[in-house]
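Biologist: I should like to learn how pockets, strands and salt bridges are read from a model. May we take them in turn, beginning with a pocket lining?

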Amino acid sequence: MTGNKHVVFDVVGTCVSFDAYFNAIDQAIGDRLRANNITPQFFGYSWMTAAELEFTFLSISERHRPYKQILEAVFYRTLWMAGIRNPRALATDEERDQCIQGYWHLAIRPDVKECFSKLRENGFTVWCLTTGDMARVRGYFEQGNVDMPLENIISCDSKGVAKPALGAYRPVFEQFAAGDDKWFAAAHMWDVSAAVKVGFRGAYCTVYEQDPCLEIFDAKMDVIADSLVEMAEKVVKAS
């Protein structure tokens, strides 16, 4: 490659872990969930996945809503689907909001700083593409003491388009020059595989999903790694 080098990162789930969210659920209603043979992490994953489904479906049908509003709305439905016969007797709106506060206080993964440093030391510009709002995402990096310039954080939420719609990735890809080395890095295979479809080189980290389920994604990954630092090293080598 003769042009500039760029890596665009997903943020939530990739640079940021969900531990604080799962812990907040555990503190608010964990004992009641376990009494019904439901772990806080599995409920949190199911609740978050249900919200992402509705968020995406609303976006596709041109009825975009903020993610927080959807997370609030599907809380009791998710408890019902988990087998709780009377969800509103198990938890209150206040306890639901305590759980959601955990989502707003997610923390940067410990190896993000080293990952970014390795890339920058080897001539890469680091970017972020998120569906979240700019202030919240910027806050993750500030609280984690990780250098991430605000001008390099791109949110598609304000444009009313959600990943993995290709329209969320294409403007970012097209802002770079034709001869540049352009990578997209994520711990969600649905995310990075969509970015590959618009032309990015793909770097996938197993730190969140563990199993990439390659049999259902039709995109070639240039890099697959088990940690963010290993992923950075492999991206450098592949470039």
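Modeller: Let us begin with the second largest pocket, whose lining divides into nine nonpolar, two polar and three charged residues. Please keep in mind that this is a predicted model.

Biologist: How is such a pocket found, and how much space lies in the second largest pocket?

Modeller: Rolling a probe the size of a water molecule over the atoms shows where empty space is left. In this case the second largest pocket holds about 270 Å³ of space. Its lining comprises 14 residues, and those nearest its centre are Tyr45, His188, Trp190, Tyr208 and Glu209. Helices H2 and H10 are the elements that give two or more residues to this lining. H2 supplies the largest share, four residues.

Biologist: What is the volume of the largest pocket, and which residues lie nearest its centre?

Modeller: The volume of the largest pocket is about 590 Å³. Of the 25 residues that line it, Glu52, Phe55, Tyr67, Tyr103 and Thr131 lie nearest the centre. Two or more lining residues come from each of helix H2 (40-60), helix H3 (67-73) and H6. Here H2 gives the most, with six residues. By character, the lining of the largest pocket divides into 12 nonpolar, six polar and seven charged residues.

Biologist: Let us turn to the strands. How should I read the directions in which side chains point?

Modeller: In a regular strand the side chains alternate between the two faces of the sheet. Strand S4 (residues 181-186) offers a case to inspect: Asp181, Trp183 and Ala185 point one way, while Lys182, Phe184 and Ala186 point the other way.

Biologist: Are the residues of S4 buried or exposed?

Modeller: Six of the six residues of S4 are buried, and the strand is mostly covered. A residue is called buried when its relative accessible area is under 20%.

Biologist: With which strands does S4 pair, and in what sense?

Modeller: S4 pairs with S1 in the parallel sense over five bridges. Strand S5 (residues 201-205) also pairs with S4 in the parallel sense, over four bridges. Individual partners can be located in the structure. Lysine 5 stands opposite aspartate 181, and valine 8 has phenylalanine 184 as its bridge partner in S4. Towards S5, alanine 186 has tyrosine 204 as its bridge partner.

Biologist: What kind of unit do S4, H10 and S5 make?

Modeller: Together, S4, H10 and S5 make a right-handed β-α-β unit.

Biologist: And how is S1 placed with respect to the rest of the structure?

Modeller: Strand S1 (residues 5-9) is largely enclosed by the rest of the structure, because four of its five residues are buried. Besides its pairing with S4, S1 pairs with strand S2 (residues 124-130) in the parallel sense over five bridges. Phenylalanine 9 stands opposite cysteine 128 in S2.

Biologist: I come now to charged side chains. How many salt bridges does the structure hold, and how should one be read?

Modeller: The structure holds 17 salt bridges. For each, one may ask how far apart the atoms are, where the partners lie and how accessible they are. Arginine 32 and glutamate 95 form one of them, with the closest N and O atoms 2.8 Å apart. Arginine 32 lies in helix H1 (residues 19-35) and glutamate 95 in helix H6 (residues 93-104), so this salt bridge ties together parts that are 63 residues apart in sequence. Arginine 32 is partly exposed at 32% relative accessibility, whereas glutamate 95 is buried at 15%.

Biologist: Where do the partners lie when a salt bridge joins glutamate 142 to arginine 138?

Modeller: Both lie in helix H8 (residues 134-143); they are separated by about one helical turn because they are four residues apart. Their closest N and O atoms are 3.3 Å apart. Glutamate 142 is exposed, with a relative accessible area of 52%, while arginine 138 is partly exposed at 23%.

Biologist: Which residue forms a salt bridge with aspartate 191?

Modeller: Aspartate 191 forms a salt bridge with lysine 163, the closest N and O atoms being 3.0 Å apart. Aspartate 191 belongs to helix H10 (residues 189-197) and lysine 163 to the loop between strand S3 (153-155) and helix H9 (166-174), so the pair ties together parts that are 28 residues apart in sequence. Both aspartate 191 and lysine 163 are buried.

Biologist: Which residues are joined into one network by salt bridges that share partners?

Modeller: Arg88, Asp93, Arg96 and Asp97 are joined in this way.

Methods
Residues numbered from 1 in each chain as written. Predicted model: local features only at pLDDT ≥ 70, side-chain atom pairs only at ≥ 80, totals over all residues. Heavy atoms only, no water. Salt bridge = Lys/Arg side-chain N within 4 Å of Asp/Glu carboxyl O. Buried < 20%, exposed > 50% of the residue type's maximum accessible area, 1.4 Å probe, protein only. Pairing = 2+ DSSP bridges. 1 Å grid on protein atoms, 1.4 Å probe; cavity = no way out; pocket = protein on both sides within 12 Å on 5 of 7 lines; lining within 4 Å. Points joined across faces, edges and corners; volume = space filled by probe spheres on them. Nonpolar A, V, L, I, M, F, W, Y, C, P; charged D, E, K, R; others polar. Right-handed = clockwise from strand over helix to strand, strands pointing away.
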